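Got your viewer open? Here is a short tour, one selection at a time.

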Amino acid sequence: MSTQPTVLVVDDSRTKRYLLVSWLTRAGFQVIEAESGTEALTRVETDQVDLVVLDVRLPDLNGFEVCERIKNLRPATPVIHVSAHAVDVADRARGLTRGADAYLAEPIEPDELIATANAVLRYYQARQQAELLAARMLALADTTVAVHAASTFRQLLDAAAAGAAEIFKSPAAVVAETAEGEYLAGVAAGRGVDATTVPWVVHDDSVVPVGTTVRVTDPAEWALLDWPAGDTVTVAAARLREDRPPLYVVVPTKTQTARTPALVQLVQALAAAVEAQRSYDEEHRIAVTLQRSLLPRRVPEINGLDLAVRYEPASARTEVGGDFYELVMLDGRLLLAVGDVAGHSLHAATVMAELRHAVRAYAVEGHQPGAILHRVNELMRTLLPNESATLCLLLLEPATGRVRLASAGHLPPVLSIDGKVEFVQHSAPLLGVRADRPEDLEFVLPVGATLIFYTDGLIERRDATIDEGLAALADVAAQVDDDLDGFCQRLLVELAPPEINDDVAVVVLRRR
């Protein structure tokens, strides 16, 4: 509503219109006129009208009908009926029932007209503010849900910017710092427009205090969008802790009401969501770094054997897991192990590290695979009683191909020889439970044969059973490429889902 509300006076009497216009103009209103119902409806459609003063008797349309049609066109536009004819209770009731907000009978006193006009305008202004705030609170709730459902930092910023544009029905930008220390901005040009994420530079965030602040500034400071001409921008900033960077929400100033309640609640909700996402990203990065640092730095070169590995951590939308592998020569024998600690977290990665070191230590002591698993199991039950893991390991003599293999609940390795495929079954309980374990499996790996070890992330998909995944693996393993690195990559491409939701470890061994 403008500072000087616009009143449309509708009356077919030039004299009455003159009086009404004069009174309203002296009271500070802007006034436009219409002398028929049809003209009044046209003015309501084309002009900014804040209030209609409407005669009940018009030459073309009944005033009650005009009022009803005005309310259909502009429900938030108040209407005051005036009448110079005899008015009884039925007339007033009819007018109010069909949408009028007040009914004045002539002779009308100027003070009564002005007071009534101001009263209905105050009511509608308060109603519009309440409806606006309610709509914004509903959009804020939807935005909060969308933001917390985002799986990456960029998706979060996009959802936040799109939500801010929906809440304020305007362009909007949301700026936050990633876990890597880079500022990104989610920007939306308006309602219903897809948001995008772009790099941004915040020149000095140290001046932002802990808590929430709101300030008005020049749009040139936040040249992320084409802001409305002639307007400033309002910037809300939220900082949760002194050692955390602030988050900013930028919107046109004309969209804001007194005390900016929706904007303050939005920036506070987004700051909490960004903090959670940033903490998760930091943990994920630390865990992936830990996993990679604890895996073998290189694949050993061994006469008579070809080796290749692939390790793919879960995508950033999920937590990391505890998959690991080991390849090391000990006293002329190759120790090969592939394992998977239950769970997905930084904690799972640290448990993985403990198990890998334990396997290496017991192998260095000269124990056979089954004895290694037994000792690792006792270690877990003593020091990590709430953990569980699967593990498959073997000791191989490269010159003879003699293999001793033991498993603890791990998926069976695949043996591929001349296009024939079989799973090397060695059923045994997983690590972390007290149970008898079978003897080691002993066999000779023929020249030209290939063994494929893997973790469940390679074959498990949400749209297929584990048996279907194993069958698909057998189909791919029937043809082993000469280049084992290329073969490992083909396994990932053909078997793993497009977005890896669990860590994948693959170790391929071929005797030549």
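**Stop one: a helix pair**

Start by selecting Arg136, Ala139, Leu140, Thr143, Ala146 and Val147 in H5, then add Leu156, Ala159, Ala160, Gly163, Glu166, Ile167 and Phe168 in H6: these two sets of residues meet each other. Keep in mind that you're looking at a predicted model. Colour that selection by residue class and the contact of H5 with H6 splits into nine nonpolar, two polar and two charged residues.

Now widen the view to the helices themselves, residues 110-149 for H5 and residues 153-168 for H6. How far apart are the axes of H5 and H6, and at what angle do the helices pack? The axes sit 9 Å apart, and the packing angle is about 170°. An angle over 145 degrees counts as roughly antiparallel, so that is how H5 and H6 run relative to each other.

**Stop two: threonine 143**

Stay in helix H5 and centre on threonine 143. Is threonine 143 buried or exposed? Its relative accessible area is 5%, so threonine 143 is buried. Show the side chain and look for the backbone oxygen of alanine 139, which the threonine 143 side chain reaches at 2.8 Å. Next, pick out the contacts of threonine 143 beyond its neighbours within four places in sequence: Ala159, Ala160, Gly163, Ile167 and Leu266. Ala159, Ala160, Gly163 and Ile167 should still be in your H6 selection from the helix pair.

**Stop three: valine 480**

Jump to the loop between helix H10 (466-477) and helix H11 (484-495), and select valine 480 there. Loop or not, valine 480 counts as buried, at 15% relative accessibility. Which residues is valine 480 in contact with, leaving aside neighbours within four places in sequence? Highlight Ser416, Thr450, Phe487 and Arg510. Then draw a C-alpha to C-alpha distance from valine 480 to aspartate 418: the viewer should give 8.9 Å, for a pair 62 residues apart in sequence.

**Last stop: the cysteines**

Finish with cysteine 392, which is buried, with a relative accessible area of 1%. Where is the closest cysteine sulfur to that of cysteine 392? Look to cysteine 488, whose sulfur is 16 Å away, too far for a bond. A disulfide needs the two sulfur atoms within 2.5 Å, and by that rule the count comes to zero disulfides. Before you close the session, click on cysteine 67 as well: this one is buried too, with a relative accessible area of 0%.

Note on methods
Residues numbered from 1 in each chain as written. Predicted model: local features only at pLDDT ≥ 70, side-chain atom pairs only at ≥ 80, totals over all residues. Heavy atoms only, no water. Buried < 20%, exposed > 50% of the residue type's maximum accessible area, 1.4 Å probe, protein only. Axes fitted to C-alpha atoms, helices over the stretch in contact; angles between N-to-C directions. Helix = DSSP H or I, 4+ residues; strand = E, 2+ residues; numbered from the N terminus. Parallel < 35°, antiparallel > 145°, perpendicular 65-115°, else oblique. Contact = heavy atoms within 4.5 Å. Nonpolar A, V, L, I, M, F, W, Y, C, P; charged D, E, K, R; others polar. Polar contact = N/O pair within 3.5 Å; in protein donor to acceptor, adjacent residues only side chain to side chain.
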